[in-house]
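Let's take a walk through a protein chain, starting with the whole and then moving in to a few spots worth a look. Keep the view open as you read.

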Amino acid sequence: MKTVIKITSGVLMIFMLFGCTKNFDKINEDPNYPTEVTTSSLMTAAQKGLCDDIYDEWWGGRQSMVWSEYWTQRNYTSEDRYAIRQNTNSGYWRLIYHDINNLQEIIRLNTNPETKAMAALEGDNTNQIACATILKIWAMQIMADTYGDIPYSEAFNGEGESAILTPKYDNLEALYNTFYTELTDAVGSIDDTKDGFISGDVIYNGNMVNWKKFGNSLRLRVALRMSKGDYSLANSIVNEVGEDGFIASNAENADFAYLGATPNNSPMYDAFWTSARNDFTVAKPFINLLKGVDDTLNGKINPFSGLVDPRLEIFSRPKSGKYLGMPYGMPDAESQAYKSKCPSFYGAGAYDPTYAIVVLNAKFPMPFLHYDEVQFMLSEINGWDQVHYSNGVYASIAYWRDLSIELENGFWPDSRISDFNANFDAYMAALPPASKSTVMAQKYLAFYVQGYQAWAEYRRTGESQFLVKPGEITHQASDGTPIYFEPLVSINTVPWRLTYPQQEYTINATAVKAAADAIGGDKMSTKLFWQP
């Protein structure tokens, strides 16, 4: 079986000639010299590629993690203030489409009569197609939620001379309906009595029962994003599969576990130590939410006022005995002057859990979808009910505790575990009742590292309200002078979307201009259809 880990859409092949060189070896493959690979290899490449490219220092660190105000940059805060570098924007677009194309290739090889028998040596054809489709829609939803209308129906059609060089942009609302239909069909096609991938599936090791649960949970995410307060579609999924048909415990979480050795380090480890970039620290709004502290500068009451979240010691490290976050979105000079007050995860220049948080561990598993999110979604569609809300909070804290104990060797003696569990029990006992504000704030906390999901949920629900918005006070100088959050682009809200890459206007101009007109302008302030 001959195939290539490559881009088949003409627009994406042209992209290979331009822009950022991040992962250039991955995208600069010569189609005239195909490499023999198996569908299992393609699945591993797609899973790892998506995690490497979505959670890296550029799109994990300088876009999603800062726009959701988990982190802020210590030195140069342009991206915190919504100014995204266009070569980075183009590179992200190109790389994610490349990763998704590997999934499309799996589908093609398992469908084509000439190759499907060979592909079946890697697992049941239909099950392979289902896994690739579920993961493709997981990634395409992130792309759609980032940009709005995007190429999909024509983006992966044809090869060589039959490739569509300038694919059209699909309407986002129609695209969401396509996502839902394709997910439903994929989940429905799974035969869990047959093999999934016999190798190469890092997420579930070929367990099709768990793939079905992942697919159903993703269907619920898609339905909720479309809901606008009408939960009929989401409820129909619950009625169809039952709660056991979703990810039902932390043991069933969809994660990609890294090996913790080059070239298989978790991307944020590579950002800090392989690339030697000490660029990020935790943002003040996030830390104060964990500390149970109100935002007195802007008159915002913490939904967990007075409660210290046990995850605080996992998500950050103390500086001089105190947990402090960097005020979000300050100009460069103010950030550089302030950063000595906040923790540096860099330590002595090598990973050490004394300084570095667990998300920077070389083996940190990057998430696709977790049990806690399922519980928060079920709480919402059931009128913000208490049981699912409590389950979600408990699951999130337990996940982060157990992962930290596993990865931070020697940093969690029995006494520390005992103290943590006591604080955990006290926190659960004092947890305020379920409401939109509390459920969504806990969902925000549970999404830590999943910046894209936190950003999307803020745009959908307006929660967590604790984020500092443009025009609000981010800090107060020593003389009492307020320092306001002033973006570097013309916008008075958290961005509703990211503008299309400039290279699209060069190589696919007609299609991208039509898309920009259709959505009401290629601006960060243009809302997506699922926003209120």
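What follows goes from the overall build to the core, then to one helix, some salt bridges and a single serine.

First things first: this is a predicted model. The chain has 21 helices and 6 strands. Its radius of gyration is 23 Å, close to the 24 Å that the globule rule gives for 532 residues, so the chain is as compact as a globular protein of that length. If you lay the C-alpha trace along its principal axes, it spans about 70 × 50 × 50 Å.

How much of the chain is tucked away? Of the 532 residues, 60% count as buried. The accessible surface comes to about 19,300 Å², and carbon and sulfur atoms account for 51% of that. The fold also brings together residues from far along the sequence: take the contacts between residues at least 6 apart, and 76% of them join residues at least 24 apart.

Now for the inside. In soluble globular proteins, nonpolar side chains tend to be buried together. Here the largest nonpolar core has 154 residues, and the members that touch the most others are Trp71, Trp138, Phe214, Val359, Leu360, Trp400 and Tyr448. Helix H7 gives the most to this core, with 13 residues. A second, separate core has 5 residues, among them Met330, Tyr338, Cys342 and Ile483.

Tyrosine 448 is a good place to see how the big core is put together. Setting aside neighbours within four places in sequence, tyrosine 448 is in contact with Met65, Tyr70, Trp71, Val282, Phe286, Phe315, Ile357, Val359 and Trp400.

One of those partners, Met65, takes us to helix H4, where it is among the buried residues. What surrounds this helix? Of the 11 residues of H4 (residues 57-67), 10 are buried, so the helix is largely enclosed by the rest of the structure. The buried set isn't just nonpolar names, either: it includes Glu57, Arg62 and Gln63 along with Trp59, Val66 and Trp67. These buried residues pack against helices H3 (39-54), H5 (86-111), H11 (267-274) and H19 (451-461), and also against strands S1 (71-73) and S3 (280-282).

Have a look at the two ends of H4 as well. At the N-terminal end, aspartate 56 acts as a cap, with a side-chain oxygen 3.2 Å from the backbone nitrogen of tryptophan 58. After the helix comes glutamate 69, whose phi is positive, near 60°.

Next, the charged pairs. How many salt bridges does a search of the whole structure find? The count is 23. One of them joins aspartate 145 and arginine 225, with the closest N and O atoms 2.7 Å apart. This pair links distant parts of the chain: aspartate 145 sits in helix H7 (residues 125-147) and arginine 225 in helix H9 (residues 208-226), 80 residues apart. Are the two partners buried or exposed? Aspartate 145 has a relative accessible area of 4% and arginine 225 one of 2%. Buried means under 20%, so aspartate 145 counts as buried, and so does arginine 225.

A more local pair sits in H19, the helix we met as a packing partner of H4. There, glutamate 457 and arginine 460 meet in a salt bridge of 2.9 Å, N to O. They are 3 residues apart in the helix, which means about one helical turn separates them. Glutamate 457 is buried at 4% relative accessibility, and arginine 460 is buried at 9%. These two pairs belong to a network of salt bridges that links Asp145, Arg225, Glu380, Lys443, Glu457 and Arg460.

Another salt bridge, between arginine 497 and aspartate 522, has its closest N and O atoms 2.8 Å apart. Arginine 497 lies in the loop between strand S6 (482-484) and helix H20 (504-507), and aspartate 522 in the segment after helix H21 (509-518), so the pair ties together parts that are 25 residues apart in sequence. Both residues are buried.

Our last stop is serine 464, in the loop between H19 and strand S5 (473-476). Serine 464 is buried, with a relative accessible area of 3%. Leaving out neighbours within four places in sequence, its contacts are Leu289, Ala441, Tyr444 and Tyr458. For a sense of distance, serine 464 and glutamine 141 are 323 residues apart in sequence and 21 Å apart in space, C-alpha to C-alpha.

How values were computed
Residues numbered from 1 in each chain as written. Heavy atoms only, no water. Buried < 20%, exposed > 50% of the residue type's maximum accessible area, 1.4 Å probe, protein only. Helix = DSSP H or I, 4+ residues; strand = E, 2+ residues; numbered from the N terminus. Contact = heavy atoms within 4.5 Å. Polar contact = N/O pair within 3.5 Å; in protein donor to acceptor, adjacent residues only side chain to side chain. Salt bridge = Lys/Arg side-chain N within 4 Å of Asp/Glu carboxyl O. Rg over C-alpha atoms; globule rule 2.2 N^0.38 Å. Areas by Shrake-Rupley, 256 points an atom, 1.4 Å probe, with all protein chains shown as cover. Core = buried A, V, L, I, M, F, W, Y, C linked by side-chain atoms within 4.5 Å.
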